[in-house]
Amino acid sequence: MAAISSRDYSSNVLRRFGIGTRRPSWTRTRAAPGLRCRGHEPRCRPGTLLFALCCDLENATFAQTRVHPGKMANVKFMELFGRLKSVVIGMIHVKALPGTPLGCMTMSQIVDEACREATIYRDSGIDAIMVENMHDVPYSLSLGPEVVACMTAVCSGVRSVCPSLPLGVQILSSANQQALAVALASGLDFIRAEGFVFSHVADEGLLDACAGDLLRYRKNIGADRVLIFTDIKKKHSSHALTSDVSIEETARAAEFFLSDGVIITGAATGEQANPEELRAVSQSVRIPVLIGSGVTHDNLERYVDANGMIIGSHFKEGGHWANAVAPQRVKRLMEKRNSLQHL
């Protein structure tokens with residue numbers, strides 16, 4: 001087989017993601033030969049898709065590239081997960097942390113339990129894992145520093161047993177900046193953020209849009225490599241305030257505000273998302289679209305066209321989020337995902 005030149009490789013990558021190679025308004029200047037990436041893409045390194053898009057050091061004369069942020073989000077998604085469709089993200093629901101009403105375990109016990117579940121996911125062939133303080137009910141909008149410290153300890157433990165898996169974190173409720181700090185300190189790859197665009201009333205209270213502050217915070221702490229996947233029309237919430245704003249328009253607003261991917265859910269934890277909303281949102285934005293609740297072995301076919309599926313309840317004993325991870329449930333769903341012919 002003939003060798004593929006750097007120019008041909010770059011062109012193929014660009015065509016795959018629908019990115020043109022002319023010089024319209026949205027352009028990026030390539031680095032000169034021998035120079036490192038100028039820092040605008042922290043994941044840019046030789047041998048990656050971003051390298052072909054960003055620097056192309058071996059072929060500095062290659063035409064400047066039109067790169068829409070939404071399409072770049074797909075490249076980053078591919079770089080992180082190794083696939084663009086049907087990424088399965090398993091949930092670790094951390095036991096109640098010290099200081100919360102249900103807290104009754106020591107930190108070493110909490111970390112050990114999280115690592116045990118992470119090992120189950122890893123050995124069952126999961127694509128990625130996300131850690132969440134789900135047992136810290138009732139959730140607060142004013143978290144103390146102990147939550148950040150405890151979640152950093154838990155996430156660092158999970159990273160130690162899963163050194164190569166993509167890992168993420170969500171901190172309830174709406175502690176998005178804290179989640180970014182934990183991800184940065186623990187070496188995690190992404191966070192799930194609530195309230196990114198548009199206000200809504202959640203069971204914890206009124207949540208306002210946070211995109212501007214959150215992305216500036218990410219830049220300020222040097223966490224650009226941490227992707228931010230954002231809920232839209234999130235579960236456990238009333239959206240009467242934005243009843244005149246469709247889910248498609250909400251998704252477009254999140255894309256415009258530089259979300260790395262949007263998350264669609266059902267009305268509550270474990271409830272199915274509407275497949276029609278998945279189709280509508282996927283046609284409305286260029287960024288990845290993930291399903292955030294209700295995916296099971298039995299309905300998997302309805303959601304395999306999503307870029308990702310965040311699964312918690314179905315992977316637990318009895319299908320309830322508060323129970324322990326059941327290895328056979330994880331393996332069964334992963335086997336079905338892998339067997340679907342169009343993946």
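**Figure 1. How much of the chain is buried.** In this predicted model, 53% of the chain's 343 residues count as buried. The fold is built from 10 helices and 11 strands. Look at contacts between residues with a separation of 6 or more, and 72% of them come from residues 24 or more positions apart. The accessible surface adds up to about 15,000 Å², and carbon and sulfur atoms own 51% of that.

**Figure 2. Helix H6 and its buried side.** H6 runs over residues 176-186, and its buried residues are Asn-176, Ala-179, Leu-180, Val-182, Ala-183 and Ser-186. They sit on the same side of H6, because the arc they cover around the axis is only 165 degrees. The general helix rule is handy here: an α-helix has 3.6 residues a turn, so residues three or four places apart point the same way. What do the buried residues of H6 pack against? Their partners are two helices, H5 (145-161) and H7 (211-220), along with strands S3 (167-170), S4 (190-193) and S7 (227-231). Just past the end of H6 comes Gly-187, with a positive phi of about 75 degrees.

**Figure 3. Helix H3, mostly under cover.** H3 spans residues 69-81, and its length checks out: at 1.5 Å a residue, 13 residues should span 18 Å, and the end C-alpha atoms are indeed 18 Å apart. Of those 13 residues, 10 are buried. Among them are Gly-70, Ala-73, Val-75, Phe-77 and Leu-80, and also Asn-74 and Lys-76. Just after H3, Gly-82 has a positive phi of about 80 degrees.

**Figure 4. Met-72 and Asp-260.** Met-72 belongs to helix H3. Is Met-72 buried or exposed? Its relative accessibility is 4%, so Met-72 counts as buried, the cut-off for that being under 20%. Asp-260 is 188 residues away from Met-72 in sequence, yet their C-alpha atoms are 8.9 Å apart in space.

**Figure 5. A buried salt bridge between Arg-337 and Asp-127.** The structure holds 11 salt bridges, and this view shows one of them, with the closest N and O atoms of Arg-337 and Asp-127 2.6 Å apart. The pair ties together distant parts of the chain, 210 residues apart: Arg-337 is in helix H10 (residues 327-339), while Asp-127 is in the loop between helix H4 (107-123) and strand S2 (128-132). Both Arg-337 and Asp-127 are buried.

**Figure 6. A strand-to-strand salt bridge, Arg-192 to Asp-231.** Here the N to O distance is 2.8 Å. Arg-192 comes from strand S4 and Asp-231 from strand S7, so to speak two distant parts of the chain, 39 residues apart. Both Arg-192 and Asp-231 are buried.

**Figure 7. A salt bridge with an exposed partner, Lys-219 and Asp-224.** The side chains of Lys-219 and Asp-224 meet at 2.9 Å, N to O. Lys-219 counts as exposed because its relative accessibility is 52%, and the cut-off for exposed is over 50%. Asp-224, at 24%, is partly exposed.

**Figure 8. Two cis peptide bonds.** As a rule, most peptide bonds are trans. Which residues does a cis bond with omega of about -10 degrees join? The pair is Val-137 and Pro-138, with Pro-138 in the loop between S2 and H5. Another cis bond runs from Leu-172 to Ser-173, with omega near 0 degrees. Ser-173 lies in the loop between S3 and H6.

**Figure 9. Positive phi at Lys-233 and Leu-258.** Most residues other than glycine have a negative phi. Lys-233 has a positive one, near 50 degrees; Lys-233 is in the loop between S7 and S8 and is partly exposed, with a relative accessible area of 22%. Leu-258 also has a positive phi, near 70 degrees. You will find Leu-258 in the loop between H8 and strand S9 (261-264), partly exposed at 44% relative accessible area.

**Figure 10. A nonpolar patch on the surface.** Val-201, Leu-206 and Leu-241 make up a nonpolar surface patch of about 270 Å². Leu-241 sits in the loop between strand S8 (237-238) and helix H8 (247-256). With a relative accessible area of 55%, Leu-241 is exposed.

How values were computed: Residues numbered from 1 in each chain as written. Heavy atoms only, no water. Patch = residues over 30% accessible without salt bridge, like charges linked within 9 Å, V, L, I, M, F, W, Y side chains within 5 Å. Areas by Shrake-Rupley, 256 points an atom, 1.4 Å probe, with all protein chains shown as cover. Salt bridge = Lys/Arg side-chain N within 4 Å of Asp/Glu carboxyl O. Helix = DSSP H or I, 4+ residues; strand = E, 2+ residues; numbered from the N terminus. Buried < 20%, exposed > 50% of the residue type's maximum accessible area, 1.4 Å probe, protein only. Arc of directions from axis to C-beta. Contact = heavy atoms within 4.5 Å. Expected span 1.5 Å × (residues − 1).
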